[in-house]
Amino acid sequence: MNNSRRDFLKVGAAASAAVAASGTMTGAFAKEFAARTEKIPHASHYGPFHAHVRDGKIVDITPQLDSDANPTAMVKGLADRVMTDSRVKYPCVRKSYLEGKDAGDLRGKEEFVRVSWDKALDLAADAIKKAQAKGGNQSLYNSCYSGWAHPGAFKPNALAGRFFNQIGGAVGTSGEYSNGAAGPTNPVIVGDMEVYSIQTAHEQIIKNTKVMILWGADLYKCNRIGWFVPNHRNIDAYEEYKKAGIKFISIDPIYTTSASEFKADWIKIRPGSDVALMMAMMHYLYKSKKYDANFIKKYTHGFDKFLPYLLGKEDGIEKTPEWAEKLTEIPAATIKELATTMVDNRTFIAGNWSLQRAHHGEQVDWSIITLASMIGQIGLPGGGFGFSMHYAGGGDAASGKATVGGVPQGGGNKVNVNIPASRMSDLLLNPGKTVTFKGGKVTYPKIEVMLSAGSSPIGHQPDVNELVGAMRTLDTIITVDPWWTPTAKMSDIVFPATTTMERDDITQGMSYAQDRLFAMKKVVDARYESKDDYWIFAELAKRFGKEKKFTKNRTTMQWIERLYKRSYAKKKMKIAFEDFWKEGVVKYEVPDSARNFVRHEAFRKDPIKNPLKTESGKIQIFSEKFDAYGYDDFKGHATWFEPAEWLGNKKLAAKYPLHLVSPHPTYRVHSQLDNTWVQNVHKVQGREPIRISPNDAKKFGVRDGEIVEVYNDRGSVLAGVVVTNTIRDGVVAIEEGAWYSPDDASKDKTRCNSGQANLLTSSRPTSSMAQATTANTVLVSIKKAGVVQPNLAYSAPKIIEG
Ligand SMILES: Nc1nc2c(c(=O)[nH]1)N[C@H]1C(S)=C(S)[C@@H](COP(=O)(O)OP(=O)(O)OC[C@H]3O[C@@H](n4cnc5c(=O)[nH]c(N)nc54)[C@H](O)[C@@H]3O)O[C@H]1N2
Ligand SMILES: Nc1nc2c(c(=O)[nH]1)N[C@H]1C(S)=C(S)[C@@H](COP(=O)(O)OP(=O)(O)OC[C@H]3O[C@@H](n4cnc5c(=O)[nH]c(N)nc54)[C@H](O)[C@@H]3O)O[C@H]1N2
Ligand SMILES: [Mo]
């Protein structure tokens, strides 16, 4: 039996039986239909599937049930994604740009002109050459920060990097939006980023865990998609969690899907105050002597330097539960009870990432790790902490077998300037400015050309109005995307990319499990004049005499075969490429030993033989290295810092009384799929929903299902009201990723008609250390929308046929 079904069999098997039984066609018609319909395997962030193609058209999409135990509806939206009218149909250039006028301020305001591929590619190459001549390669900004476009080997961001590297490089991004604060912090504290590490196996949780703290971790929602291709076995594992009688406690302003599924106790924390709660729990554990002094002694470094802070000897503030009650709005008695529950039971803390996408986000994981050290269960089966149970099937046992990788960026970047993720607008607006970063400094060069492929700046960067203003200062903006995204509309040169279903690619199952290889086979011919990302960047490279260096003379299929050659499937299982390609999938066995995996077990068993990769080899409750950075807003130990914008700031909250969180979307990957019918299942009157409590709805006079305006000093958006008891008073939530749609494109700072949360968020960095994004540190208010125009987010701009 294949490994994905061996343990968590029930739901997947039931699902496939249901599909088989639902067939209604009979006799000759069914036969003829089947004969004319080809079933082509493909894979996505949403799951592996078969595209059913008849007469060159996708007529259905069905999940590969053998590899996806609990498919989501999102795969069904993928055909729409190929066919939608929001496709970029041919290369386009903004009108004034084509006319050679210096009118960057008209970006996003004027029409485009259809041009030939050669014309568009020449214009882009010329702009790049002009910038190189003017300011060197450091005037080129490769803003393709993420690899979220698709799970294949031909990631647009890698291809963009590969192209730039051939011509001497470009300014890039350091760190990421996902874990920009924890990313540079955790390795110094525990010797590993922890956020992308293999997690304690589900089997160990099921067997040992008595209490699981969902510290903002929405296991069900965030695991709906994968960085690679999800198998959704987590859902079956969670059924076992439920049966095992684990007690769940959710600390989150939202009563999440996970909280609801697990019937969790709900601690309705005030956003941004978690570190205060953690400090108070530690204070209580110390004062009541309930903490594990042996663990602290044997496995940690610097507790003695942290203690004076906790006890208020450093800053005169004792971090008592009563102190934290005022900050967190959680009663002191509850704080004590929570701490007691955690030390008295085998407790697993499932941390999340959104907590650190907030002002002073560096402190969050550090505080959790310090708290977990005091609890003393790190390295025990089912105990300690995990920062990735909500991601890419965290808890899945790993095959440990080689998969395929992707087309490499290669070396050659001589620029050596990488801008911390979140500093995008700052970079564009303030050339010459120096910012502190990870104990060093970064000076922004003057950017002339910005290129975006497979990434969505007007989707992911906070403070869209600031970003739009910043983008309008540039010489040239080039975007490569299959769709007229908000970023494409704000560009000068737009290259239409094919979607993955219009070309061949290869990928793997799950980040942690590595349990499959998948063929992402071409399903239909490229629509309109769209071209593969690989072809586009090879053509650009050609204009610099670097085509051969870029392609190595390899076709797409030659790359795919080459990547396959390194895999366990080829090397050990001896499966010929042709056989894999025909079948569309290879399944890897997961060894039983992987089901025994417990994070940090080796360290716990022998900290001398298996030290952490930290200054002391132990957990750094205090870090001399960090202390030496000498920042005011980032110290040598975990510290509570008050966020700049939160409900605890009475003056600000008087003007903007609601805290906005922007969780990751239930029915999308960020902005992706926002232009498909799948969105109909949750949008309210075609706008992104805003969740609000019944009390707040009453207070602000807004009704369920109505369109309202959400606003602050940075901007405003329209959103559709969902009144629900699943969000605490004083907090509203708009999922990130709705497509920005300016109400009146001719005006600056116009309100967004579709509910893009980042019109409201701030580009304020986490601290002088990580300079990471703080998307969750936002106050807003809400009012009646007044007259509402149609939402044009998913329409192409006006195009003049050249
Ligand atoms: N379906 C889906 N899954 C995804 C993604 C997607 O786009 N769609 N994106 C993936 C990516 S790139 C990432 S980075 C991860 C993100 O993973 P996370 O950052 O962990 O996920 P979010 O949904 O942003 O936030 C989870 C929860 O944090 C809560 N929260 C917000 N502020 C606070 C606070 O101050 N305190 C507490 N205690 N809770 C708070 C929110 O209410 C929300 O329920 O998800 C991945 N998974
Ligand atoms: N308010 C708020 N903002 C956030 C967050 C938050 O929690 N709250 N989270 C942040 C996080 S953690 C992340 S990771 C970022 C995500 O930010 P991004 O990674 O920028 O988000 P996506 O929308 O997935 O962007 C992928 C782009 O690739 C394009 N694409 C898809 N397929 C192809 C292809 O085959 N070829 C090409 N050329 N393009 C393709 C899509 O159309 C889309 O424009 O957002 C960040 N922003
Ligand atoms: Mo992310």
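What distance separates the centres of domain 3 and domain 4, taken over C-alpha atoms? The answer is 28 Å. The legends below describe close-up views of a predicted model.

**View 1. Domain 3 and domain 4 in contact.** The domain assignment divides the protein into domain 1 (3-80), domain 2 (92-175 + 410-511 + 516-587), domain 3 (194-395 + 596-629) and domain 4 (650-784). Domain 3 gives 23 residues to its contact with domain 4, and domain 4 gives 30 residues. Taken over C-alpha atoms, the centres of these two domains are 28 Å apart.

**View 2. The shell around ligand 1.** Ligand 1 has 30 residues around it. K221, D252, D274, S354 and P665 come nearest. Three backbone contacts are shown. A polar backbone atom of R668 is 2.8 Å from a nitrogen atom of ligand 1. At I251, a polar backbone atom is 3.0 Å from a nitrogen atom of the ligand. At G216, the partner is an oxygen atom of ligand 1, 3.4 Å from a polar backbone atom. On its own, ligand 1 has 920 Å² of accessible area, and the protein covers 98% of it. The shell comprises 16 nonpolar, nine polar and five charged residues. Domain 3 (194-395 + 596-629) and domain 4 (650-784) each supply at least three residues to this shell.

**View 3. The shell around ligand 2.** Ligand 2 is surrounded by 31 residues, of which S146, H460, D481, S671 and N758 come nearest. Side chains make the polar contacts shown here. An N or O atom in the H460 side chain is 2.7 Å from an oxygen atom of ligand 2. D533 places a polar side-chain atom 2.8 Å from a nitrogen atom of the ligand. H664 has a polar side-chain atom 3.0 Å from an oxygen atom of ligand 2. Alone, ligand 2 exposes 930 Å², and the protein buries 99% of that. By class, the shell holds 11 nonpolar, 16 polar and four charged residues. Ligand 2 lies between domain 2 (92-175 + 410-511 + 516-587) and domain 4 (650-784), because both give residues to its shell.

**View 4. Helix α23 and D533.** Helix α23 spans residues 533-542 and is mostly covered, with eight of its 10 residues buried. The buried set is D533, Y534, I536, F537, A538, E539, L540 and A541. D533 also appears in View 3, where a polar side-chain atom of this residue lies 2.8 Å from a nitrogen atom of ligand 2.

**View 5. N776 and its contacts.** N776 sits in the loop between β28 (731-733) and β29 (779-784). Its relative accessible area is 9%, so N776 is buried. The N776 side chain reaches the backbone nitrogen of S662 at 3.2 Å. Beyond its neighbours within four places in sequence, N776 contacts S354, R357, A358, H659, L660, V661 and S662. One of these, S354, is also among the residues nearest to ligand 1.

**View 6. G636 in its loop.** The loop between α29 (624-629) and α30 (650-655) holds G636. G636 has a relative accessible area of 1% and is therefore buried. Residues up to four places away in sequence aside, G636 touches W366, I621, F622, S623, F626 and D627. W677 is 41 residues from G636 along the chain, and their C-alpha atoms are separated by 50 Å.

**View 7. D304 and F622.** D304 belongs to helix α15 (residues 303-310). Its relative accessibility is 56%, so D304 counts as exposed. D304 and F622 are 318 residues apart along the chain, yet 8.5 Å separates their C-alpha atoms. F622 is also one of the residues that G636 touches.

**View 8. Two positive phi angles.** Most residues other than glycine have a negative phi. E329 is not a glycine, but its phi is positive, at about 60°. E329 lies in the loop between α16 (321-328) and α17 (332-344). With a relative accessible area of 41%, E329 is partly exposed. H360, also not a glycine, has a positive phi of about 65°. The loop between β12 (347-350) and α18 (362-375) contains H360. Is H360 buried or exposed? H360 counts as buried, because its relative accessibility is 8%.

Definitions and conventions: Residues are numbered from 1 along each chain as its sequence is written. Chains are lettered from A and ligands numbered from 1 in the order in which they are written. This is a predicted model: local features need pLDDT of at least 70, side-chain atom pairs count only at pLDDT 80 or more; totals for chains, interfaces and linings use all residues. Side-chain values use heavy atoms; hydrogens and water are left out. A residue is near a molecule or strand if one of its heavy atoms lies within 4 Å of it. A polar contact is a pair of N or O atoms within 3.5 Å; within protein, one must be able to donate a hydrogen and the other to accept it, and residues adjacent in sequence count only if both atoms are side-chain atoms. Accessible areas come from the Shrake-Rupley method with a 1.4 Å probe; for residues, only the protein chains shown count as cover. Ala, Val, Leu, Ile, Met, Phe, Trp, Tyr, Cys and Pro count as nonpolar, Asp, Glu, Lys and Arg as charged, and the others, Gly among them, as polar. Domain bounds come from an automatic or database domain assignment. Helices (H or I, at least four residues) and strands (E, at least two) are DSSP runs, numbered from the N terminus. Buried means under 20% relative accessible area, exposed over 50%, partly exposed in between (1.4 Å probe, protein chains only). Contact means heavy atoms within 4.5 Å.
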